[in-house]
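User: Please take one part of this chain and examine it closely, and then set it in the context of the elements around it. A connected account would serve me better than a list.

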Amino acid sequence: MRDEAALGAVRALTPADFSSREVFELERRRLFAPAWIPVCRSDEVAEFGAQKATFAATTPVLVVRDEDGTLRAFSNVCRHRGLTLVEDRAVETAIRCPYHLWTYDLAGRLQASPFMDQERLGGCDLPTYACGEWGGFVFVNPDGRAAPLAQQLAPLAEAIRPGRLAPWKVGFRLVFDHSWNWKVMVENFGESYHHIGAHTATLQPFWPGGRSDPSASTPGWIELRHTVDPQMGTFTVFVVFPLFLLAVSDPHGSAYWYRMVTLGPERIALEIVGLFEPELAADAAEMEAARAQVLAIHLEDIPMCERVQAGLNSPDAALGPLSHLEAGVARFRDWVAAGIAGPPSG
């Protein structure tokens, strides 16, 4: 539960923090920039020259695999006129802007700028971001000052078993554009108390919300465990603050990654990625059934999150007391409040 002494003078979050542009800008600088953000799967950039356009929270990122097999991450914005360099994915031996054909090598260095004086082009290499791989995920740290990725995620390695997750394949993707704050999504994902209301026909029969256990959570992440269902097995939810949302189900060998792009104070792009052991991912019928199941669950979450955002915008809104089943949410709110009150990261 909360350690009030550790928080000192840090204020609690308020409903306004879920819609304020000023607070969102603080979060961008103080929470997202210093963090490791999951941006894609490693197999999307497996081969030499693979280039994947993505976002680390609000930052447009281009992840690239160079000729030595090294993974690199750059700004996905041309240093000339600001065009995004790659849309979705490419496989090329260089990074080429389609607007005026400015060209960068796979180390992000400017190599060509047609009809321009090269002496004027100092400082036009692509900004570089720290990146790393863990469990088959590619993570990017925009400001380059985070602790090493493996060190930061080491305490979760036993629970998540990254070596097992690494070869899992994408079985389906669901894409949404939602009109609510990113914290609403994290809080909804990080507690199962709401199974008793929102998911009475989907999750509650197998993993009752009242029997969920957030006690393994820490000040930096949520680990939410559920009882073992004889038919469905185990279901464990992880949230590594701020934006790594992953649910793992066993013994069936499946995981569900909620990849968020924070588009504004009250808007997120969400991609739900179903990950499966390779043999299961290759079974089209199983994937269609899994996709339909996850879609049904998310369609139950959508009106709840929309109505939370609407309610938080009311002049009478309040962040009320939390249940013991929402201990992870309490930790998350403390983490956000302490982070936005801290020194700016850039």
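Analyst: Leaving aside residues up to four places away in sequence, T200 touches H195 and P205. The model is predicted, and the description of this residue should be read accordingly. T200 lies in the loop that runs between α6 and β12 (221-224). Its relative accessible area is 47%, so T200 is classed as partly exposed; the class of exposed residues begins over 50%. A residue distant in sequence also comes into view here: E300 is 100 residues away from T200 along the chain, while their C-alpha atoms are separated by 9.7 Å.

The two elements that bound this loop lead to other parts of the structure. On one side, α6 (182-189) is among the elements that cover the buried residues of α2, together with β1 (37-41), β15 (254-264) and α9. On the other side, β12 is joined to β13 by 4 bridges, and the two strands run antiparallel.

I follow the strand side before the helix side. Within the pairing of β12 with β13, E223 stands opposite F238 in β13. F238 has a further partner in β14, namely L246. The pairing of β13 with β14 is antiparallel as well and extends over 7 bridges. These two strands form a hairpin, with 3 residues between them. How many residues of β13 are buried? The count is 6 of 7, so β13 is largely enclosed by the rest of the structure.

The loop between β13 (234-240) and β14 (244-250) contains P242. The peptide bond that leads from F241 into P242 is cis, with omega near 5°. A cis bond also occurs from D250 to P251, where omega is near 10°. P251 is placed in the loop between β14 and β15. Most peptide bonds are trans, which is the background against which to read both bonds.

The helix side leads to α2. Its buried residues are V23, F24, L26, E27, L31 and F32. Viewed down the axis of α2, these buried residues fall within an arc of 160°, so they line one face of the helix. The cover over them includes β15 as well as α6, and β15 is the strand reached from β14 through the loop that holds P251.

α9 is another part of that cover. Helix α2 (residues 21-32) packs against helix α9 (residues 327-341) at an angle of about 85°, their axes being 9 Å apart. The angle makes α2 roughly perpendicular to α9, since that term applies from 65 to 115 degrees. On the α2 side the contact is made by V23, L26, E27, R30 and L31, and on the α9 side by W335, V336, G339, I340 and A341. Sorted by class, this contact of α2 with α9 comprises 7 nonpolar, 1 polar and 2 charged residues.

β1, also named in the cover of α2, opens the way to a sheet. An open sheet of 7 strands has the order β1-β10-β9-β4-β3-β2-β5, with antiparallel pairing. β1 and β5 stand at its edges with a single partner strand each, so one side of each is left without a neighbour in the sheet. From one strand to the next, the twist averages 30°. Inside this sheet, β2 and β3 pair in the antiparallel sense over 6 bridges, and Q51 has V64 in β3 as its bridge partner.

Two loops that adjoin strands of this sheet hold residues with notable backbone angles. A57 is found in the loop between β2 (50-56) and β3 (59-65); its phi is near 65°, a positive value in a residue other than glycine. D88 lies in the loop between β4 (71-75) and β5 (89-91), and D88 likewise has a positive phi, of about 70°, although it is not a glycine. Most residues other than glycine have a negative phi. Are these two residues buried or exposed? A57 is buried, with a relative accessible area of 0%, whereas D88 is exposed, with a relative accessible area of 52%.

A further open sheet has 3 strands in the order β6-β7-β8, again with antiparallel pairing. Its edge strands are β6 (95-96) and β8 (110-112), each of which pairs on one side only. β6 is joined to β7 (residues 103-104) by 2 bridges, and R96 stands opposite T103 in β7.

Methods: Residues numbered from 1 in each chain as written. Predicted model: local features only at pLDDT ≥ 70, side-chain atom pairs only at ≥ 80, totals over all residues. Heavy atoms only, no water. Axes fitted to C-alpha atoms, helices over the stretch in contact; angles between N-to-C directions. Parallel < 35°, antiparallel > 145°, perpendicular 65-115°, else oblique. Contact = heavy atoms within 4.5 Å. Nonpolar A, V, L, I, M, F, W, Y, C, P; charged D, E, K, R; others polar. Pairing = 2+ DSSP bridges. Buried < 20%, exposed > 50% of the residue type's maximum accessible area, 1.4 Å probe, protein only. Arc of directions from axis to C-beta.
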